[in-house]
Amino acid sequence: MKGFNVRRIVTAALLAAVLGASAAFAAGFSNTRETLYLENLFKGQSTGTAPTTMYVSLHDGTPTEGNPCGGEIAGGSYARVQLNADASQSAGNWSAIGAGAGTAQRISNNAVVTFPTATADWNSAAAIESVCLHDASTSGNCFICATISASGVTVLNGNTLSFPVGAIDFDLD
């Protein structure tokens with residue numbers, strides 16, 4: 001039986017020439033979400049109500065199994081960006097589910113994800129290394145995180161970080 005593999009490829013287009021190139025991401029579910037799915041599949045437990053509101057966050061470190069959403073960026077007008085789940089199968093903020101890489105099924109962002117313009121260097125001008133999805137604008141539950149596989153993204157004072165439509169792909173195989 002084939003294993004459960006989550007892969008996410010994200011390319012980042014940045015407004016105000018923050019990076020001027022694309023970046024690739026790799027991702028996985030948080031331990032909390034993995035436990036819920038296993039309890040649902042093997043124990044018949046509910047995974048709870050699916051979130052209707054989700055937020056994209058930026059982080060200064062590489063997510064780990066035990067701490068997938070640690071090190072969130074703060075200050076300089078940073079705030080999570082809301083990207084809600086779609087209540088129906090229609091393409092709203094997320095695309096229709098379709099073929100991904102190999103035998104995977106894929107869903108992508110169907111709306112631009114733009115963070116506020118930085119009023120100070122985010123992460124002290126060091127690379128931002130990961131993104132996560134949460135169910136709240138602050139704190140809340142973390143569902144999935146992605147590590148930027150290149151050298152990360154640097155956001156300086158006055159820059160705006162934006163992910164265009166189709167730049168965030170979740171492949172499930």
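## A short walk through the model

Start by selecting Val56 and Val81: Val56 stands opposite Val81, which sits in strand β5. Keep in mind as you look around that this is a predicted model.

Now turn to the other partner of this residue. Pick Leu133 in strand β9, and you'll find Val56 opposite it as well.

Next, widen the selection to the strands themselves. Strand β5 covers residues 81–82, and β4 pairs with it in the antiparallel sense over two bridges. With β9, residues 130–134, β4 also pairs in the antiparallel sense, over five bridges.

Stay on β4, residues 55–59, and show its side chains. Which way do they point? Tyr55, Ser57 and His59 go one way, while Val56 and Leu58 go the other. Is this strand enclosed or open? Five of its five residues are buried, so β4 is largely enclosed by the rest of the structure.

For another buried spot, jump to Ser162 in strand β11, which runs over residues 160–163. Ser162 has 5% relative accessibility, and because buried means under 20%, Ser162 counts as buried. Add Thr114 to your selection: its side chain and that of Ser162 make a polar contact at 2.9 Å.

Finally, head for the surface. Select helix α1, residues 31–43, and look for Phe42 within it. Is Phe42 buried or exposed? At 62% relative accessibility, Phe42 counts as exposed, since the cut-off for that is over 50%. Add Leu38 and Leu41, and you have the nonpolar surface patch that they make with Phe42, about 370 Å² in area.

Note on methods: Residues are numbered from 1 along each chain as its sequence is written. This is a predicted model: local features need pLDDT of at least 70, side-chain atom pairs count only at pLDDT 80 or more; totals for chains, interfaces and linings use all residues. Side-chain values use heavy atoms; hydrogens and water are left out. Helices (H or I, at least four residues) and strands (E, at least two) are DSSP runs, numbered from the N terminus. Buried means under 20% relative accessible area, exposed over 50%, partly exposed in between (1.4 Å probe, protein chains only). A polar contact is a pair of N or O atoms within 3.5 Å; within protein, one must be able to donate a hydrogen and the other to accept it, and residues adjacent in sequence count only if both atoms are side-chain atoms. Patches are made of residues with over 30% relative accessible area and no salt bridge: like charges are joined within 9 Å, nonpolar side chains (Val, Leu, Ile, Met, Phe, Trp, Tyr) within 5 Å. Accessible areas come from the Shrake-Rupley method with a 1.4 Å probe; for residues, only the protein chains shown count as cover. A salt bridge is a side-chain nitrogen of Lys or Arg within 4 Å of a carboxyl oxygen of Asp or Glu. Two strands pair if DSSP finds at least two bridges between them.
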